[in-house]
Amino acid sequence: MAREHERAHPWEVLGTEYLLKSPWRHVRQDQVRLHTGDEIVYTYLETTDAAFVVPLTTDGKVVVIRQFRLPARAWTWEVVGGMIAAGEPPIAAAERELREEVGGVGGRLVPLGSYYACAGSLSSRHHAFLGLDVELVDPALEPMELIERVLLDPDDAFARARDGRIDDAQSALALLMAEPHIRAHLAQRNDP
């Protein structure tokens, strides 16, 4: 017999109402029957999945971005990333975002894994990739993107992810997921 915490869906959604819809996210309110039998209203953001890329250039630099984010009212330090369109494979979204945001082309994308950014309040799953041997050309930014491309030595990028200077949590996690792969790639490349 399965333990209570191992059940796939221990809560039952009895009904759903959307309080607000936009092209990027919806404020969703579910009427839920809990595992205890109690009923509650649970409100969260229903968002599309996203793809994130940690680009490593052909000359061994990690590409990060500074991007103005309205909700934070600040310039944040991030890796390349964006929404996955309906029906789009995560790797295709990663390729698209890499080209759009930093002008990254060539090389190859290595899947690093996926994670929930904030499972208690967002529905989206985020897929992380490492872009190896990326070449940089002019980016093709969307009109609402205000982005600065920054090249860092790998050790500096990893230190920034650890100490909070990469202040977007999902970006810091993607950098740390990429770290062992980048170190192995650079060591292999530097081996005579």
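Asp133 is partly exposed, with a relative accessible area of 28%, and its place is in strand β10. Although Asp133 is not a glycine, its phi is positive, at about 55 degrees. This is a predicted model, and here is a friendly tour of its fold, helices, pockets and a few residues worth a look.

**Overall fold**

- The protein has three helices and 11 strands.
- From start to end of the sequence, these elements come in the order β-β-β-β-β-β-β-α-β-β-β-β-α-α.
- Along the principal axes, the C-alpha atoms fit a box of roughly 65 × 45 × 35 Å.
- Of the 192 residues in the protein, 38% are buried.
- Among contacts with a separation of 6 or more, 57% join residues 24 or more positions apart.

**Backbone with positive phi**

- Asp133 has company: Arg73 is not a glycine either, and its phi is also positive, about 55 degrees.
- Arg73 sits in the loop between β5 and β6.
- Arg73 counts as exposed because its relative accessible area is 62%, which is over the 50% cut-off.
- Gly103, which follows α1, has a positive phi near 70 degrees.

**Helix α1 and Glu97**

- The 13 residues of α1 should span 18 Å at 1.5 Å a residue, and the end C-alpha atoms are indeed 18 Å apart, so the two values agree.
- Ala93, Ala94, Glu97, Leu98, Glu100, Glu101 and Val102 are the buried residues of α1.
- An α-helix has 3.6 residues a turn, so residues three or four places apart point the same way.
- Glu97 belongs to helix α1, and it is buried because its relative accessible area is 4%, under the 20% cut-off.
- Setting aside neighbours within four places in sequence, Glu97 is in contact with Val80, Gly81, Gly82, Met83, Val102 and Glu145.

**Helix α3**

- α3 runs over residues 169–190 and has 22 residues.
- From its first C-alpha to its last, α3 reaches 31 Å, close to the 32 Å expected at 1.5 Å a residue.
- A kink of about 40 degrees is found in α3 at Glu179, shortly before the proline Pro180.
- Glu179 is itself buried, as are Ser171, Ala172, Ala174, Leu175, Ala178, Ile182, His185 and Leu186 of α3.
- Which elements do the buried residues of α3 pack against? They pack against the strands β4, β5, β6, β9 and β10 (125–136), and against α2 (154–163).

**Arg66 in strand β5**

- Arg66 is part of strand β5 and counts as partly exposed because its relative accessibility is 23%, between the 20% and 50% cut-offs.
- Beyond residues up to four places away in sequence, Arg66 touches Trp75, Thr76, Trp77, Leu146, Ile147, Glu148 and Val150.
- Arg66 and Val79 lie 13 residues apart in sequence, and their C-alpha atoms are 8.6 Å apart in space.

**The largest pocket**

- The largest pocket has a volume of about 1200 Å³.
- Its lining holds 36 residues, and those closest to the centre are Arg25, Gln67, Arg69, Met83 and Gln170.
- Strands that each supply at least two lining residues are β3 (39–47), β4 (50–57), β5 (62–69), β6 (74–78), β7 (80–83) and β9 (108–116).
- The helices α1 (90–102) and α3 also supply at least two residues each to this lining.
- By residue type, the lining of the largest pocket divides into 17 nonpolar, nine polar and 10 charged residues.

**The second largest pocket**

- How much space lies in the second largest pocket? The volume is about 490 Å³.
- This pocket is lined by 15 residues, with Trp11, Asp30, Tyr42, Tyr44 and Ala119 closest to its centre.
- β2 (25–33) and β3 each supply at least two residues of its lining.
- The lining of the second largest pocket is made up of 10 nonpolar, four polar and one charged residue.

Conventions:
Residues numbered from 1 in each chain as written. Predicted model: local features only at pLDDT ≥ 70, side-chain atom pairs only at ≥ 80, totals over all residues. Heavy atoms only, no water. 1 Å grid on protein atoms, 1.4 Å probe; cavity = no way out; pocket = protein on both sides within 12 Å on 5 of 7 lines; lining within 4 Å. Points joined across faces, edges and corners; volume = space filled by probe spheres on them. Helix = DSSP H or I, 4+ residues; strand = E, 2+ residues; numbered from the N terminus. Nonpolar A, V, L, I, M, F, W, Y, C, P; charged D, E, K, R; others polar. Expected span 1.5 Å × (residues − 1). Bend = angle between axes of the 7 residues up to and from the residue. Buried < 20%, exposed > 50% of the residue type's maximum accessible area, 1.4 Å probe, protein only. Contact = heavy atoms within 4.5 Å.
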